[in-house]
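Work through the exercises below with the sequence and the model side by side, and try each task before reading its solution.

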Amino acid sequence: MRKFLLVLFLLVCPLTVFAQEEPSTPLEQLILQQHFTQKELERTLTLLKEEETRTYGEIAQMDLDLQRQKLVMEATQRRAGEVARAYYMGERTNLLTLLLNAENFNQFLLMYDFYEILYERDMSRLESYHTERTKLTAMQTDKKNRLDQLQTLRKKYELQLAEMLAVAAEKEKNVQKLDNPTVVESMMNHLILDWEKRGLPAFQTFFGMLAQVMVQVPELATPDRIQSEGLLKHTLTINQTDFNNFLIEKDALFKQSHFAFEDNKLTVEGTYDQMELKLVGNYELVSPTHLKFHITELYFDGFALPQSTVEEMEEAYDLGFYPELISPNIQVQGITLMDEELKLQLQFNLPFGFGKK
């Protein structure tokens, strides 16, 4: 990728300037990394601001809905109050007495029909009051959750803004140390332009396809890969060669990448659209039915992406594993990624609680 940047610069600059462009010192490399981090933080800050604006709009709409719901609630409360007073004052008891004192069967039937209609209307009013009250409570809870979300977004925005400003300040100090910052500044511009035009879309494509394929990984749970430890406990072993071949069979996009299992980490290295990418992550056993994949490191052409971008990718693309896709009664008890093998400790739960101690 750096060679690609040099070629771009050669097209627009004299050869005498080109000789200075390659980041031959650690300081120049550090400046490029800091600039890359700064611009990515700025991009994700924009996304946070947009999300904050949407949340403000949702809260404003919730306030309007709550006002309308309170009016509905007041109306149903008045009707429910009338029903309660009628029973408390004995009005319904008097009607029941009239029913029991009917002079003949026809009169009894007429009174009974009337009483039944009245009773159903009373119950409908009480149920309506209960429904609207429950709805109001749920809306109030939703608003509180949105307010909490807004507060979290604000804190996240402020922390990320402080990080971005600190990185930008350090970068400017380092640029001042250069004898001729022109070449590095040009490389910084090309780096960000290339990331925005090709890098980020390529990452999104790669992660999107990987998320689709990960849902199909249970296809690798074949009998020859499963070792049984009794009736209920089993170990599924997938070696990384089989895993890489599986990915390539699913999509040619993965021909230029390599997935490795080592030190309980999944490492992906490869090229895509003339760019080098690297991903490092691990699995967390969230529940017996969900293994969540956490991205710990992400690189574009050797440049580390900031945590904000890592979180963005992790939230947007689910790379987790769901054992129920193998069988509804399968649960995961543990996972290891060692010695080029992914091992899942599985337990088969018999229906109706059989097999449980």
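**Exercise 1.** Which side chain does the side chain of Gln347 join in a polar contact?

Solution. This is a predicted model, in which local features need pLDDT of at least 70, side-chain atom pairs count only at pLDDT 80 or more, and totals for chains, interfaces and linings use all residues. Residues are numbered from 1 along each chain as its sequence is written, and side-chain values use heavy atoms, with hydrogens and water left out. Begin by finding Gln347 in strand 9, residues 341-348 (strands are DSSP E runs of at least two residues, numbered from the N terminus). Its side chain then leads to that of Lys233, at a polar contact of 3.0 Å (a pair of N or O atoms within 3.5 Å; within protein, one must be able to donate a hydrogen and the other to accept it, and residues adjacent in sequence count only if both atoms are side-chain atoms).

**Exercise 2.** Describe the open sheet of 5 strands.

Solution. The strand order is 3-4-5-6-7, with antiparallel pairing (two strands pair if DSSP finds at least two bridges between them). At the edges are strand 3 (257-262) and strand 7 (303-304), each of which pairs on one side only. Strands 5 (275-287) and 6 (290-300) are joined over 10 bridges, and Tyr283 stands opposite Phe293 of strand 6.

**Exercise 3.** Is Asp301 buried or exposed?

Solution. Asp301 is located in the loop between strand 6 and strand 7. Asp301 counts as buried because its relative accessibility is 3% (buried means under 20% relative accessible area, exposed over 50%, partly exposed in between, with a 1.4 Å probe and protein chains only).

Key
Helices (H or I, at least four residues) and strands (E, at least two) are DSSP runs, numbered from the N terminus.
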